[in-house]
Amino acid sequence: MQISQEKISLRQPDDWHLHLRDGGVLKAVVAPTARVFRRAVVMPNLQPPITSLQDVVDYRKRIESVIPKELAFTPLMTLYLTDNLSPEILKEGYSEGIIFAVKLYPANSTTNSASGVSDLENIYSTFETIEEIGLPLLIHGEVTDPDVDVFDREAVFIDRHLDPLLQRFPNIRVVLEHITTDNAVQYVQSSNSKLGATITPHHLHINRNAMFLNGFRSDFYCLPVVKREHHRISLRRAATSGQPCFFLGTDSAPHLRGFKESACGCAGIFNALNAIESYAQVFEEEGALDRLEAFSSEFGPAFYGVPFNKGTISMVRSSQTVPEKFNVYKTENEFEYVVPFHAGEQLNWCFESTSY
Ligand code: DOR
Ligand code: ZN
């Protein structure tokens, strides 16, 4: 890694948590990610979700068909865990290299999670297989119990479900995705090296006040929902700490404007346009730019046991204003748009180039 006042070069990063969607949105959002990131773990919560190996193979082909030719980008595919997904499928998918990981959504915890797992206890035999074959288990860590306050759902999930799961299956490699609380930071820090956590740019930049600034701001609504300031501070410390259990996962989750603004607005923040610059800003503010490369490009591959990327990316210090809209074309003249994270704001760093 090389850092000067004007330029940063670092080993090419990977995005360990990404939503690419399908159809026109997929076509529009793949390039901004593939420009910067060499690989990305692609989430399976499409509608309908990716629940068979054939679904995975077909989705991967659709992704590959829209990757710009000049970019090297590998989608790492995941399968969506349901109450009755057969362990045999997981075995076959992992041994054949079709799936990289399996994603656990508690049923109705977030976008397109209705077919998720209704009770973790019911699929303990599947966890046995997951542990036995060494398949990474990626977890959306929130309870769905309506009696639990929405801001407490991650902390309660850790106590009620994650801790018992890890006690029972201490050798499963688990990623607690998009952590949002000091509770999660502490839990992951105090666990063994088989538990990791991804941290998004948005949870490092905003606290829950952002959602309620002079009205309701659905652009800042995501799940798990952003929390109080002290949680954000804890996440910033964790991300910049140099501890290998915390690594980059953007959770970039595009929703067309109409869906964000509807009476039941969708959860998700689209940050793929400038995710790496957004992280760089946080690391610089924390005086930890020298730790950005480990967080973005080394701790993830080390956790998953895959090679580090060989290429590099560079960013230059140059103020950029993030666009207000990102267009998704339906036809040549007809488009809808997604509002990107940091819309209308200035970022200090600007992605320059990738060399493979
Ligand atoms: O905010 C979120 N959006 N959180 C998730 O867990 C899912 C994601 C999406 O798919 O939109
Ligand atoms: Zn996600």
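**Entry 1: a histidine in a helix**

I started with His231, which lies in helix α8 (residues 229-239). Helices here are DSSP runs of H or I with at least four residues, strands are runs of E with at least two, and both are numbered from the N terminus. I remind myself that this is a predicted model, where local features need pLDDT of at least 70, side-chain atom pairs count only at pLDDT 80 or more, and totals for chains, interfaces and linings use all residues. Residues are numbered from 1 along each chain as its sequence is written, chains are lettered from A and ligands numbered from 1 in the order in which they are written, and side-chain values use heavy atoms, with hydrogens and water left out.

Is His231 buried or exposed? I found it buried, because its relative accessibility is 11%. (Buried means under 20% relative accessible area, exposed over 50%, and partly exposed in between, with a 1.4 Å probe and protein chains only.) I also looked up a partner: a polar atom of the His231 side chain lies 2.8 Å from the backbone nitrogen of Asp182. (A polar contact is a pair of N or O atoms within 3.5 Å; within protein, one must be able to donate a hydrogen and the other to accept it, and residues adjacent in sequence count only if both atoms are side-chain atoms.)

**Entry 2: the parallel sheet**

Next I traced an open sheet of 8 strands, with parallel pairing and the order β3-β4-β5-β6-β7-β8-β9-β10. (Two strands pair if DSSP finds at least two bridges between them.) Why do β3 (15-18) and β10 (246-248) have one side without a neighbour in the sheet? They stand at the edges with a single partner strand each, so one side of each is left free of a neighbour there. On average, neighbouring strands of this sheet are turned by 30° against each other, direction ignored. (The axes are lines fitted to C-alpha atoms, for helices over the stretch in contact, and angles run from 0 to 180 degrees between N-to-C directions.)

I then went along part of the sheet. β3 and β4 run parallel and are joined by 2 bridges, and Leu18 stands opposite Val42 in β4. Strand β4 (residues 39-42) is joined to β5 by 4 bridges, again parallel, and Val42 has Met77 in β5 as its bridge partner. Between β4 and β5 the chain passes through helix α2 (residues 53-64), in a right-handed β-α-β crossover. (Right-handed means that, with the strands pointing away from the viewer, the path from the first strand over the helix to the second runs clockwise.)

How many residues of strand β5 (residues 74-80) are buried? I noted 6 of its 7. On to strand β6 (residues 101-104): 3 bridges join β5 to β6, and the two run parallel. Leu79 stands opposite Val102 in β6. The crossover from β5 to β6 goes through helix α3 (residues 87-95) and is right-handed too.

**Entry 3: ligand 1**

Which residues come nearest to ligand 1? Of the 14 around it, I listed Arg21, Asn45, Thr110, Leu223 and His255. (Near means that a heavy atom of the residue lies within 4 Å.) An oxygen atom of ligand 1 lies 3.0 Å from a polar side-chain atom of Thr110. For Leu223, a backbone N or O atom is 2.7 Å from a nitrogen atom of the ligand.

**Entry 4: the antiparallel sheet**

Last, I found an open sheet of 4 strands, β1-β2-β11-β14, with antiparallel pairing.

Key. Two strands pair if DSSP finds at least two bridges between them.
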